[in-house]
Amino acid sequence: MATGMRNKRVAKERQKIDKFGLPPGIELVEGNDLKEWLFDIRVLDSNPIYDGNIFRLKFVFSDTYPIEPPEVTFIERPNRPIPIHPHIYSNGIICLDLLGNQGWSPVQSAESVCMSIQSMLTSNTKNERPPGDEEFVRGNKQRPRDIEFLYHDNTV
Amino acid sequence: MSKSLQLKEEGNRHFQAGDYIGADSLYSKAIIADPKNPALYTNRAMARLKLNHWDSVIADCETCLSLSPNNMKAHYYLAQAQLSLRDYDAALSNALEAHRLCAANNDKSLAAVTSIVLRCKKERWADREKKRLREERELEDRMMDLLRKDRDEMLAAVAPDDEAEKKAVEEEAEQRMTVLRNVFEAAREQNQNKREVPEWAIDDISFNVMVDPVITKTGKSYERASIMEHLRRHPSDPLTRDPLTPADLRPNLALRQACEEFLEKNGWAADW
């Protein structure tokens, strides 16, 4: 039997956000749909790589959320570039263990994922894309969570 | 294959295709061919649930339970039919029985059964709440009438030309009625205000109030249905990622009782 956990859980995350707000630098742009949310995030500390930039994150919640991770990507919009980072491909796909089937835990939430991504940007010092970015972006047809990422550089 | 099983499978095909009337009549034929098979009754009950034929659902479930007393599906469908008929106490007790059987047999319907338990608690609370509010309102009206009657009797006893005394009686009566209205109003408001779910009652996976909390090695408790769903895919602790299997889980009885008591008074929280 399908577990319709997603709708209630996403609705409750939304209620919590409406009641308690989000941490600084994270803003819910579109959160009325129970399947797809948009966030704007920015880096709070002055990191020269991202100074003054705002980035847009898209969350897609599948039926099995939160047992399975949400699909989280950066999307490009006017004034919303894809951040440069050794674990973020130029098509917006994010290489973060938390978002993979192995690293995900159902006690994570959209808010906690945003905070992890924010801190991943804050601590970054390399103004570069992942190795093989162009080739990956040209060839990739897979859904992000099914990709077996190779963590080329675990120091980041 | 026996005739009754053939009819049952044909019934299942009709059910899958959304033809519940067709499924109902095929299951009925299967029952005539083999009246002792409990599964035929629960299948027919399932079709009849879809058709909103609550009384026949109940009859089928009861027949099934007389053949097979620990039939999870019969308790589960019975709870749904009784809930639709607003027989809340019976619905809750069958939902809890279905839950107990699911938990004991590691049944995959645990999540669905857990939500029925919550729905029963919520609707039972809402029904009691409605009754309570109606009784309070009736009491308020009656008290008001008594105060008016009291005032009228006192007015009748005052000498006809004593305007000052009449005014005093009216003012006093008015004052009493205001106090009475305020007392009832304050009681109503207090009820509306305390709608907060304590963190300890919430399962961090489904974000629901817990019905059957189980505790892991870290000391953290989760709803049994949620953590089982997680463990089916990843046998790891959600917080530490250490290996964790269903056998490591222990019921958290004190928390279960606390959640039960909380929901008893705050049924709205079953769907906060």
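**Figure 1. B:Arg241 sits in a loop of chain B, between helix 9 (224-233) and strand 3 (250-251).** This close-up, like the others here, shows a predicted model. B:Arg241 is not a glycine, yet its phi is positive, about 65 degrees. Here is why that is worth a look: most residues other than glycine have a negative phi. Is B:Arg241 buried or exposed? B:Arg241 has 12 C-beta neighbours inside 10 Å, so it counts as exposed.

**Figure 2. B:Phe207 lies in the loop that runs between helix 8 (163-193) and strand 1 (213-215) of chain B.** B:Phe207 also has a positive phi of about 65 degrees without being a glycine. Try counting the neighbours around B:Phe207: there are 22 C-beta neighbours inside 10 Å, so this residue counts as buried.

**Figure 3. The stretch of chain B at residues 196-269 carries the UniProt annotation "domain: U-box", from an unreviewed entry.** Within residues 196-269 of chain B, 31% of the chain is helix and 11% is strand. If you find the two ends of this stretch, their C-alpha atoms are 8 Å apart.

**Figure 4. Residues 130-190 of chain B are listed by UniProt as "coiled-coil region", again from an unreviewed entry.** How much of this stretch is helix, and how much is strand? Residues 130-190 of chain B are 92% helix and 0% strand. The C-alpha atoms at the ends of this stretch are 16 Å apart.

**Figure 5. Helix 3 of chain B covers residues 38-50.** With 13 residues at 1.5 Å a residue, helix 3 of chain B should span 18 Å, and its end C-alpha atoms are 19 Å apart, which agrees. Of these 13 residues, 10 are buried, so helix 3 of chain B is largely enclosed by the rest of the structure. Among the buried ones you can look for B:Leu40, B:Tyr41, B:Met46 and B:Leu49. Charged side chains are worth finding too: B:Arg44 and B:Arg48 are buried in helix 3 of chain B. Which helices do the buried residues of helix 3 of chain B pack against? They pack against helix 1 (3-16), helix 2 (20-33), helix 4 (54-67) and helix 5 (72-84) of chain B. After helix 3 of chain B comes B:Asn52, which has a positive phi near 60 degrees.

**Figure 6. Helix 6 of chain B runs over residues 88-105.** You can check its length as you did for the previous helix. The 18 residues of helix 6 of chain B should span 26 Å at 1.5 Å a residue, and the end C-alpha atoms are 26 Å apart, which agrees. The buried residues of helix 6 of chain B include B:Ala91, B:Leu92, B:Ala95, B:Ala98, B:His99 and B:Cys102. As you follow them, keep in mind that an α-helix has 3.6 residues a turn, so residues three or four places apart point the same way. Helix 5 and helix 7 (110-157) of chain B are among the elements that cover the buried residues of helix 6 of chain B. Just past helix 6 of chain B, B:Asn106 has a positive phi of about 50 degrees.

**Figure 7. Chain A contains a cis peptide bond, which goes from A:Tyr65 to A:Pro66.** Its omega is near 5 degrees. For contrast, most peptide bonds are trans. Where in chain A is A:Pro66? A:Pro66 is in the loop between strand 3 (55-60) and strand 4 (71-75) of chain A. Stepping back, chain A has 3 helices and 4 strands, in the order α-β-β-β-β-α-α from the N terminus on. Of the 156 residues of chain A, 29% count as buried.

**Figure 8. Chain A and chain B meet through 11 residues of chain A and 14 residues of chain B.** On the side of chain A that touches chain B there are 6 nonpolar, 2 polar and 3 charged residues.

**Figure 9. Chain B is assigned three parts: domain 1 (3-116), domain 2 (128-193) and domain 3 (199-271).** The centres of domain 2 and domain 3 of chain B, taken over C-alpha atoms, are 49 Å apart. Chain B has 10 helices and 3 strands. The radius of gyration of chain B is 28 Å, well over the 19 Å that the globule rule gives for 272 residues, so chain B is more spread out than a compact globule. Along the principal axes, its C-alpha atoms fill a box of roughly 100 × 55 × 30 Å.

Conventions. Residues are numbered from 1 along each chain as its sequence is written. Chains are lettered from A and ligands numbered from 1 in the order in which they are written. This is a predicted model: local features need pLDDT of at least 70, side-chain atom pairs count only at pLDDT 80 or more; totals for chains, interfaces and linings use all residues. UniProt positions are given in the numbering used here, feature names are shortened, and annotations may be inferred rather than shown by experiment. Two residues are in contact if their C-beta atoms, placed from the backbone, lie within 7 Å. Ala, Val, Leu, Ile, Met, Phe, Trp, Tyr, Cys and Pro count as nonpolar, Asp, Glu, Lys and Arg as charged, and the others, Gly among them, as polar. The radius of gyration is taken over C-alpha atoms; the globule rule is 2.2 Å times the number of residues to the power 0.38. The expected span of a helix is 1.5 Å times one less than its number of residues. A residue is buried if 20 or more other C-beta atoms lie within 10 Å of its own, exposed if 12 or fewer, and partly exposed in between; C-beta atoms are placed from the backbone. Domain bounds come from an automatic or database domain assignment.
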